[in-house]
Amino acid sequence: MALAALSLHCYYPLLSSAAAAASLPASTRAPVLQRTRGGPRPRRRLQRCFCSQQYAESQSSGSQQQQLERLFSNLNQATMKHEPGSVTSAIFLVAGTTVGAGILAIPAVTQEAGFLASAVTCIFCWIYMVVTGLLVAEVNVNTMCELGSGGVSLVSMAMRTLGTFGVRTACISYLFIHYALLVAYVARSSEIITNSLGVPLWESATLFSLAFGGLCYFGSQRVIGAVNGFLVFSILASFMALVVVASGNLHWSSLLEANFAAAPQSIPIIALSFVYQNVVPVLCTNLEGDLSKVRKAIVVGTAIPLALFLIWDAVILGTIPGLAGDGTIVDPLEQLRSSNGTVGPIVEAFSFLAIGTSYIGFVLGLSDFIADLLKLPSGQNKPLPYLVTLVPPLVLSLLDPEIFFKALDFAGTYGVLVLFGVFPAAMSWSERYLDDLEAPVPPIVPGGKFTLAFVMGGALLVIFSEIFKDIMQLQGLH
């Protein structure tokens, strides 16, 4: 895929000399371990390997190769130069993917709880989603070790750890979430473009899909990282402008309002707002299986959206006091727009930029997933996965332009907590505690079975609570 450079995989054991390492053929793939079914085997730590920073130069000059703890080296096959993924670009990718359309819905779903209660809920959801992302990274790197290949998506991870039933459930959930959110993003962005330029809706939707989809397909890792970084900085600039304009009428006392009983109902949308786990396999490939870098990218990359969410919620709810616990259903953002004419254009700019960065991350994640599903070679851009990724959301958004909030609600309630709540813990449990699997990478999430049970149980509790609430609402209608 676009972010993943063509790779020279380097799964060789620690060698006694650089010359011995250089003598190994570049095309060889030697898995560190093999999956076993015959009984328990001793677990082994991930072995170190020799990977050259500039393979071609070391071959010609015989210079000393640098020993690095990574699974493989990302090589540009045109220049034969080592192109390791940048941690900064990885942080921007996580932050850009996380800051999406969900932030626009946060004030509406947290208004009844009030800022104080919603802030506690938001921090809890952030910690939860960081843990699940680290679990995905842990399983992904272990799967790369076993399969001897980078670019491993959730399909291969689920097949290795949960079997056929896990793969089918993961595929359905993954496709549902990504297509639902991509439909929402195209619908909202095309509405913004149409309102700004006055072009027909189908033209604006097509323009947005071609521009950002073309960037994902044709852009190199550095180009996508640079564009994503620019968009993230633009988001921060527009966000600060919005905060400055909107905070003029901020009532500080209203920030202390809290209705903790109403806080749980906002969890699905807040959890949706923290979705980034779909790009974790991309991070693991770009950062060459270095879990310390992946951990830093996840924690820092999600901490930026957390700060934005808290400030955003404080400004919106603090400007319109008295919402907590009064049972009134309003849209605080619409109220703010109507009371301040300057806010409208800034909100539109912020919304478009936030959707653009998130769209990039979801296109990259879904196209990689589809490529893995179709068993296409990793590290190569093929048009079919991108066509399957881009065309259906474009068509669906044109069929129902009002689908934005419907898609967000469904994806957050019945998709995110299944795929990025239950599944990471279930895969990690299978990998850590079943005898027929080996985990060469030590666990990066502490707490053992208690943590994994808490992650799975918390997600299932919210899911069944939402199902029960929906059933009661349907019965009330009749």
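Helix α4 (residues 102–110) is mostly covered, with seven of its nine residues buried. Buried here means under 20% relative accessible area, exposed means over 50%, and partly exposed lies in between (1.4 Å probe, protein chains only). The buried residues of α4 are Gly102, Ile103, Leu104, Ala105, Ile106, Pro107 and Thr110. Helices (H or I, at least four residues) and strands (E, at least two) are DSSP runs, numbered from the N terminus.

The model is predicted: local features need pLDDT of at least 70, side-chain atom pairs count only at pLDDT 80 or more, and totals for chains, interfaces and linings use all residues. Residues are numbered from 1 along each chain as its sequence is written, and side-chain values use heavy atoms, with hydrogens and water left out.

**Confidence and overall make-up**

pLDDT is the predictor's confidence in each residue, from 0 to 100. Its mean for the protein is 75, and 73% of the residues reach 70 or more. Among the elements, helix α5 (residues 114–147) has the highest mean pLDDT, 91, while helix α1 (residues 18–22) has the lowest, 31. Over residues 1–68 the pLDDT is below 50, and this stretch has 162 contacts in the model beyond near neighbours in sequence. Where pLDDT is low, the predicted coordinates should not be read in detail.

The protein holds 16 helices and five strands. Of its 478 residues, 56% count as buried. A contact means heavy atoms within 4.5 Å. Among contacts with a separation of 6 or more, 82% come from residues 24 or more positions apart. The protein exposes about 19,600 Å², and carbon and sulfur atoms supply 66% of that area. Accessible areas come from the Shrake-Rupley method with a 1.4 Å probe; for residues, only the protein chains shown count as cover.

**Helix α13 and Ser351**

Helix α13 (residues 343–373) is mostly covered, with 27 of its 31 residues buried. At 1.5 Å a residue these 31 residues should span 45 Å, and the end C-alpha atoms are 44 Å apart, which agrees. The expected span is 1.5 Å times one less than the number of residues. Just after α13, Lys375 takes a positive phi of about 60°.

Ser351 lies in α13. Its relative accessible area is 1%, so Ser351 is buried. Leaving aside residues up to four places away in sequence, Ser351 touches Leu104, Arg188 and Ile192. Leu104 is one of the buried residues of α4.

**Salt bridges**

Side chains of opposite charge can pair when their charged atoms come close. A salt bridge is a side-chain nitrogen of Lys or Arg within 4 Å of a carboxyl oxygen of Asp or Glu. The structure holds five of them, including those in the table.

| Pair | N to O distance |
|---|---|
| Arg432 and Glu138 | 3.1 Å |
| Glu431 and Arg160 | 2.5 Å |
| Arg188 and Glu348 | 3.0 Å |

The pair of Arg432 and Glu138 links distant parts of the chain: Arg432 is in helix α15 (residues 404–433), Glu138 is in helix α5, and the two are 294 residues apart. Arg432 counts as buried because its relative accessibility is 10%. Glu138 is buried too, with a relative accessible area of 1%.

In the pair of Glu431 and Arg160, Glu431 lies in α15 and Arg160 in helix α6 (residues 154–197), so parts that are 271 residues apart in sequence are tied together. Both Glu431 and Arg160 are buried. These two residues and Glu146 are linked in a network of salt bridges.

Arg188 in α6 and Glu348 in α13 are 160 residues apart, and their pair again links distant parts of the chain. Arg188 counts as buried at 9% relative accessibility, and Glu348 counts as buried at 17%.

**Gly421 in helix α15**

Gly421 is found in α15 and counts as buried, at 0% relative accessibility. Its C-alpha atom is separated by 6.3 Å from that of Thr132, although the two residues are 289 residues apart along the chain. Not counting residues up to four places away in sequence, Gly421 touches Tyr128, Thr132, Val416, Val455 and Ala459.

**A nonpolar surface patch**

Leu387, Val391, Val395, Leu396 and Leu399 make a nonpolar surface patch of about 460 Å². Patches are made of residues with over 30% relative accessible area and no salt bridge: like charges are joined within 9 Å, nonpolar side chains (Val, Leu, Ile, Met, Phe, Trp, Tyr) within 5 Å. Val395 lies in helix α14 (residues 383–399). With a relative accessible area of 41%, Val395 is partly exposed.
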